[in-house]
Amino acid sequence: MRGTTRTIAVAGVSALALLTAACNGGSSETTSATGGATGSASASGDTGASGGEITVNGCQPENPLIAGNTSETCGGDVLDTLTAKLVHYNSDTAEPEMDIAESIETDDNQNFTVKLKDYKFADGTPVTADSFVKAWNYTAYGPNGQGGSYFYGPIEGFDALQCTGTEEGKECEGTGKPKAEEMTGLKVVDDKTFTIKTTEKVSNLPVRLGYTAFAPQPESFFSDPEAFGKAPVGAGPFKFESWTEGQSIVVVKNPDYSGTNTAKLDKITFKFMQDMDAAYNELVANQLDLLTAIPVSALIDDKYKTELTDRNAQRETATIQWIGMNPKADPTLAKPELRKALSMAIDRETINKQIFNGTRTVSTGWVSPVVSGYKANACGEACVFDPAKAKAMLEQAGGYDGKLTLTYNTEGDHKTWTTAVCNSITDTLGIECTATPGGEFGEFLTNLTEGKTKGMFRNGWQMDYPSIENYLTPIYAKNADSNYFGPYDNPEFEKLLKEAAAAPSNDEANVKYQEAEAVLAEDFPTIPLFYGKATMGWSDKLNPVKITPFGTADFASISLK
């Protein structure tokens, strides 16, 4: 596609090789629901009644609800209902499609022209080119401390917006202050047009633009970002109503929504729930309307299928679960050979069968098999349960003198399986290992970010956008927001990421990304465990709920019977 002008529609971009559920021979299945629902249009609620309200399980966001500073699911699920971006991802296929953008054109994968449709924010103000450019510059500007800043790394001038100080806590002071406040690669042409210039070619840039960090912001955001984070305004199908700290977040239908993904419900309450078994019991009793993850206790012997009969669904998704370690916080785990020994000591197949009732797929690498570029068995023998090889690798690492902990966040039903992982390590290697609660998700992530968590910790990833790159750069790149592993830093890995991003085609980029994944296989910063399947249940009053390839509920399509 080099040298040709492309209007990215975006469904026609070679991003159709980057789909979550239909790439490299993968399935393009939509949600499958027991009781006869198929998850097609009829199962998405399209024939249901408009109006009404529901309660769904949620959790306390780590940060205020600012699009550029939300990189976890507790806040991300809410912002997905409130925001619209240049593109959105098809809820059946994850294929990128135009949303606020009328067109995204490029003839060289480095200079992009974006034209906008007529859109309004929920406060009635128009979405303009300036709404994007100002928001992106704000997020990228180092002193603003936005977790999503690194997503703008490819844009020309990004480096000049970063703090360069070396003293901890004072990186943005004195000579460390950024050289600029705006990226030179962003230019407003008129109210409905802006341009993006990247430092080098970025073949999948349009695919990325549906991620939350690329959402526009209204003028009210810039006057008081702190207040805005407590009561955000977006351009999505729902608008914010209230946030009761530690209890719930409520969103309501946006009557001025400009797009085609119009909400059917009038109101959704995200109820913060730590105990997933209690949440499940509420669902069975129809006191909760939607549970986005069935607890382990209800998976055993397919208990949930009996108790929820025609009100459950399951789908393979682009999620992945792994175990992380921070060698700076815990130097005893610094050797890759030790981490590989621990990996080979984990009986994933048995844990999947006995704990998850087969509702997971054992990981063979760091990239989900449902995206283009996936390479089977990237992890090699290090991800295969083998007690003899695990013991030999432990000996090669010099043994391990001490006790291990595996920390998990208290909501999300992680205690049972993390305990099983620890038991497998102890039984295989004789190393005492204990699954340890690490607080609610927000606290858990804060401790990871600040490097306070010693030993091992559970971690997982829900795809932001459908690309192999999304499983590598945001997690393992040197300054990535989700790089909790020291942070992990390998110059060869960084070099390959850069070469992949500059590749003229997706196929060529994928080869480089696969080489980068091979570096992870050598360094072993994390221990891959499982690829995910999303299993959800809903109350009697709902039509079958559609599960997206991202493993989330398609909230806009949910309807009452």
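**Notes on disulfides, salt bridges and a charged patch**

1. With a relative accessibility of 54%, aspartate 191 counts as exposed, because exposed means over 50%. Please keep in mind as you read that the model is predicted. If you want to find aspartate 191 in the structure, look at the loop between β8 (186-190) and β9 (193-197).

2. Which residues gather with Asp191 in a patch of negative charge? Its partners on the surface are Asp130, Glu181, Glu182 and Asp190. Try picking out these side chains together with Asp191, so that you see the patch as a group, because Asp and Glu both count as negative.

3. Next come the disulfides. How many does a search of the whole structure find? The search gives 4 disulfides. Counting the bonded cysteines along the protein chain, the pattern of pairing is 1-2, 3-4, 5-6, 7-8.

4. One of these links joins cysteine 59 to cysteine 74, with 2.0 Å between the sulfur atoms. The link of cysteine 59 and cysteine 74 is left-handed, with -100° about the S-S bond. Cysteine 59 sits in the loop between β3 (53-58) and α1 (73-82), while cysteine 74 belongs to helix α1, so this pair ties together parts that are 15 residues apart in sequence. Both cysteine 59 and cysteine 74 are buried.

5. Another disulfide is formed by cysteine 163 and cysteine 172, and here the sulfur atoms are 1.9 Å apart. Is this disulfide left-handed or right-handed? The torsion about the S-S bond is about 85°, so the link of cysteine 163 and cysteine 172 is right-handed. Cysteine 163 counts as partly exposed because its relative accessibility is 21%. Cysteine 172 counts as partly exposed too, at 30% relative accessibility.

6. Cysteine 379 and cysteine 383 also form a disulfide, with their sulfur atoms 2.0 Å apart. With 80° about the S-S bond, the link between cysteine 379 and cysteine 383 is right-handed. Are these two cysteines buried or exposed? Cysteine 379 has a relative accessible area of 6% and is buried, and cysteine 383, at 7% relative accessibility, counts as buried as well. The reasoning is short: buried means under 20% relative accessible area.

7. Now for the charged pairs. Side chains of opposite charge can pair when their charged atoms come close. The structure holds 16 salt bridges, and the next points look at some of them.

8. Lysine 546 forms a salt bridge with aspartate 92, and the closest N and O atoms are 3.3 Å apart. Where do the two partners lie along the chain? Lysine 546 is in the segment after β19 (526-538) and aspartate 92 is in the loop between β4 (87-89) and β5 (96-98), so the pair ties together parts that are 454 residues apart in sequence. Lysine 546 counts as buried because its relative accessibility is 6%.

9. Arginine 208 and glutamate 469 form a salt bridge as well, with 3.8 Å between the closest N and O atoms. Arginine 208 lies in helix α3 (residues 205-208), and glutamate 469 lies in the loop between β18 (456-462) and α14 (473-476), so this salt bridge ties together parts that are 261 residues apart in sequence. Both arginine 208 and glutamate 469 are buried.

10. The side chains of glutamate 499 and lysine 512 meet in a salt bridge of 3.2 Å, N to O. This pair links helix α15 (residues 491-501), home of glutamate 499, with helix α16 (residues 506-523), home of lysine 512, across 13 residues. Glutamate 499 is partly exposed, with a relative accessible area of 28%, and lysine 512 is partly exposed at 26%. Which residues are linked with Glu499 and Lys512 in a network of salt bridges? Lys495 and Glu515 belong to that network.

11. A last residue to find is threonine 212, in the loop between α3 and α4 (219-223). At 7% relative accessibility, threonine 212 counts as buried. Try comparing sequence and space here: threonine 212 and alanine 84 are 128 residues apart in sequence, and their C-alpha atoms are 8.3 Å apart in space.

Conventions
Residues are numbered from 1 along each chain as its sequence is written. This is a predicted model: local features need pLDDT of at least 70, side-chain atom pairs count only at pLDDT 80 or more; totals for chains, interfaces and linings use all residues. Side-chain values use heavy atoms; hydrogens and water are left out. Patches are made of residues with over 30% relative accessible area and no salt bridge: like charges are joined within 9 Å, nonpolar side chains (Val, Leu, Ile, Met, Phe, Trp, Tyr) within 5 Å. Accessible areas come from the Shrake-Rupley method with a 1.4 Å probe; for residues, only the protein chains shown count as cover. A salt bridge is a side-chain nitrogen of Lys or Arg within 4 Å of a carboxyl oxygen of Asp or Glu. The place of a charge is taken as NZ of Lys, CZ of Arg, CG of Asp or CD of Glu. Helices (H or I, at least four residues) and strands (E, at least two) are DSSP runs, numbered from the N terminus. Buried means under 20% relative accessible area, exposed over 50%, partly exposed in between (1.4 Å probe, protein chains only). A disulfide is a pair of cysteine sulfur atoms within 2.5 Å.
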